[in-house]
There are 2 protein chains.
Amino acid sequence: MTSAAIRYADPAATLGALNDVINLQLAHRSVRRFQPVDVSGETLAALVAAAQSAPTSSNLQPWSVVAIRDPARKARLAVLAGNQAFIEQAPLFLVWVADLDRARRLAVRAGTVVAATDYLETTVIGFVDTALAAQNAVVAAASLGLGTVFVGGIRNHPAEVAAELGLPPHAVAAFGLAVGVPDPTEPAGVKPRLPQEAVLHHERYDADAADKHIPVYDERLAAYNTRFGLTGDWSSRVLDRLRGPESMAGRHRLRQVLERLGLPSR
Amino acid sequence: MTSAAIRYADPAATLGALNDVINLQLAHRSVRRFQPVDVSGETLAALVAAAQSAPTSSNLQPWSVVAIRDPARKARLAVLAGNQAFIEQAPLFLVWVADLDRARRLAVRAGTVVAATDYLETTVIGFVDTALAAQNAVVAAASLGLGTVFVGGIRNHPAEVAAELGLPPHAVAAFGLAVGVPDPTEPAGVKPRLPQEAVLHHERYDADAADKHIPVYDERLAAYNTRFGLTGDWSSRVLDRLRGPESMAGRHRLRQVLERLGLPSR
């Protein structure tokens with residue numbers, strides 16, 4: 001099977017433009033089981049350099065990253081992020097921080113204000129630029145043979161995470177990233193994605209044309225899930241996950257928590 | 001100069017872990033001048049496959065992308081995004097859409113609700129996952145010799161952009177991405193970033209230790225800007241850009257606009 005066929009769980013899927021970089025991207029999978037091998041400081045520096053090389057709105061660079069290796073701190077973060085044990089097991093846990101405080105500190109030192117940091121638009125820039133950077137780190141890690149998985153659960157308790165990491169106000173942990181050498185015994189694969197026709201539109205958005213491709217994907221994902229002892233097709237899993245506040249692990253309070261952290265996002 | 005030395009505008013900067021992928025990432029620059037050469041459908045498919053291979057929270061895949069080649073539509077979008085002429089000039093303009101409507105449509109067809117889509121947390125997931133995907137497309141494009149630049153200006157007038165692209169409710173254009181073969185006559189370089197020590201923390205956030213590295217960066221960026229006929233160091237540019245609503249090109253209204261677009265983000 002080609003990398004495209006695996007990505008789409010569709011033996012007929014092919015791509016006309018391919019190279020080593022794109023094949024590396026297509027082969028991405030989440031890694032949640034790691035070998036007991038450290039990630040060196042040199043490797044960490046390469047991941048951060050890749051992250052910093054991602055585009056950033058107006059060169060604001062509105063993010064920071066906290067590298068965590070201390071087992072006790074990883075254990076506490078694992079609990080805060082929904083009891084995800086692999087956070088403890090990963091040799092390196094990176095917490096990516098949407099950070100508008102660096103600009104606030106510049107303003108304080110210059111005796112001026114940066115009132116734009118109070119608006120949702122600027123919070124969005126913070127999250128988006130943090131994500132662009134972190135994704136570059138994910139690809140760089142893969143190129144070095146490392147596995148990663150994002151941890152959105154770090155937003156289950158943003159105030160407690162901020163206290164644990166000593167974050168200043170005007171900053172929030174956007175997501176975690178566990179990093180390490182993959183343990184090949186982990187039962188996991190490349191998760192199939194929606195057919196391209198379901199997400200790619202030409203000139204104008206066409207919901208009916210796109211959604212025609214969801215039923216075949218539901219079948220493919222259900223078959224994939226069965227391989228790993230899981231049940232449910234894609235649609236039913238999306239509906240479960242987005243049912244309401246009760247399915248959000250406390251994250252329905254994000255807006256109020258951001259306000260308390262000095263990111264009113266108005 | 002090594003790729004790290006160029007990225008940090010610091011002849012002494014080196015990285016111990018490097019390979020072709022990371023060198024490609026380090027060499028990133030924004031491209032705003034393109035050769036009059038089309039981007040093929042095959043290439044577009046590879047970019048979208050790379051994008052879809054990025055991680056996504058709970059496999060929600062909460063994004064869509066609209067590929068625009070029609071010159072008249074590109075011209076209208078160029079105006080809406082702050083009169084950025086390179087949007088018209090780019091052979092391919094991708095509008096990345098944070099899209100919670102696909103899940104809403106699933107819910108309508110299933111006779112249920114996805115109330116989580118009303119919360120800021122879910123809007124954030126939409127923007128973050130869209131960014132992770134788009135950054136993979138940026139790296140894939142670079143690997144194919146293409147240049148790109150993100151266009152945050154697409155958020156200057158989100159309602160008008162939604163109308164132009166026929167977006168459904170519960171969806172918003174997160175950012176644009178101009179794509180094409182770089183015109184080598186463009187006067188542009190690799191923009192230096194903050195020293196790593198200014199963004200990377202160990203175990204806990206340390207603002208004083210990080211900010212010590214800003215003055216040398218201000219000097220480096222001012223020197224870089226001078227090369228391209230621009231003035232100002234990094235700090236002064238950040239303070240200008242974030243001064244207040246008047247420096248936000250209308251985007252201080254994002255929260256109200258999202259509400260009108262069916263993304264109350266509460």
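Q: Why is the meeting of B:Arg109 and A:Asp211 called a salt bridge?
A: In this predicted model, the closest N and O atoms of B:Arg109 and A:Asp211 are 3.2 Å apart. The rule asks for a side-chain nitrogen of Lys or Arg within 4 Å of a carboxyl oxygen of Asp or Glu. The pair of B:Arg109 and A:Asp211, at 3.2 Å, is therefore a salt bridge.

Q: What makes this pair one that crosses between chains?
A: B:Arg109 lies in helix α6 (residues 101–110) of chain B, whereas A:Asp211 lies in helix α10 (residues 207–211) of chain A.

Q: How do you know that B:Asp211 and A:Arg109 also meet in a salt bridge?
A: The N to O distance between the side chains of B:Asp211 and A:Arg109 is 3.2 Å. Since the cut-off is 4 Å, this pair therefore qualifies.

Q: How many salt bridges does the rule find across the interface, and how many over all chains?
A: Across the interface of chain A and chain B there are ten. The search of the whole structure gives 27 over all chains.

Q: What polar contacts link chain A and chain B?
A: The count is 70 residue pairs in polar contact, with both residues at pLDDT 80 or more.

Q: Which element gives the largest share of the side of chain A that touches chain B?
A: Helix α7 (residues 120–143) of chain A does, with 14 residues. By kind, the residues on this side of chain A divide into 65 nonpolar, 27 polar and 22 charged.

Q: How many residues does each chain bring to the contact, and what area is buried?
A: Chain A brings 114 residues and chain B brings 114 residues. The area buried between them is about 10,100 Å², and carbon and sulfur atoms give 62% of this area. Of the area that chain A buries against chain B, A:Glu203, A:Tyr205 and A:Leu242 supply 8%, more than any other three residues.

Q: How do you know that strand β1 of chain A and strand β5 of chain B pair?
A: Pairing requires at least two bridges. Strand β1 (residues 63–68) of chain A and strand β5 (residues 200–202) of chain B have three bridges, in the parallel sense, and therefore count as paired. In β5(B), B:Leu200 is the bridge partner of A:Val65, and B:His202 is the bridge partner of A:Ala67.

Q: Why are β3 of chain A and β5 of chain B said to stand at the edges of their sheet?
A: The open sheet has five strands in the order β3(A)-β4(A)-β2(A)-β1(A)-β5(B), with mixed pairing. β3 (147–151) of chain A and β5 of chain B each have a single partner strand, so one side of each is left without a neighbour in the sheet. Neighbouring strands of this sheet are turned by 25 degrees against each other on average, direction ignored.

Q: What makes β5 of chain A and β3 of chain B the edge strands of the sheet β5(A)-β1(B)-β2(B)-β4(B)-β3(B)?
A: This is an open sheet of five strands with mixed pairing. β5 (200–202) of chain A and β3 (147–151) of chain B each pair on one side only.

Q: How do you know that β3(B) pairs with strand β4 of chain B?
A: Five bridges join β3(B) to strand β4 (residues 171–180) of chain B, and the two run antiparallel. With at least two bridges needed, the strands therefore pair. B:Gly147 stands opposite B:Gly180 in β4(B).

Definitions and conventions: Residues are numbered from 1 along each chain as its sequence is written. Chains are lettered from A and ligands numbered from 1 in the order in which they are written. Side-chain values use heavy atoms; hydrogens and water are left out. Contact means heavy atoms within 4.5 Å. Buried area is the accessible area (1.4 Å probe) that two parts lose on being put together, summed over both. A polar contact is a pair of N or O atoms within 3.5 Å; within protein, one must be able to donate a hydrogen and the other to accept it, and residues adjacent in sequence count only if both atoms are side-chain atoms. Helices (H or I, at least four residues) and strands (E, at least two) are DSSP runs, numbered from the N terminus. Ala, Val, Leu, Ile, Met, Phe, Trp, Tyr, Cys and Pro count as nonpolar, Asp, Glu, Lys and Arg as charged, and the others, Gly among them, as polar. Axes are lines fitted to C-alpha atoms, for helices over the stretch in contact, and angles run from 0 to 180 degrees between N-to-C directions.
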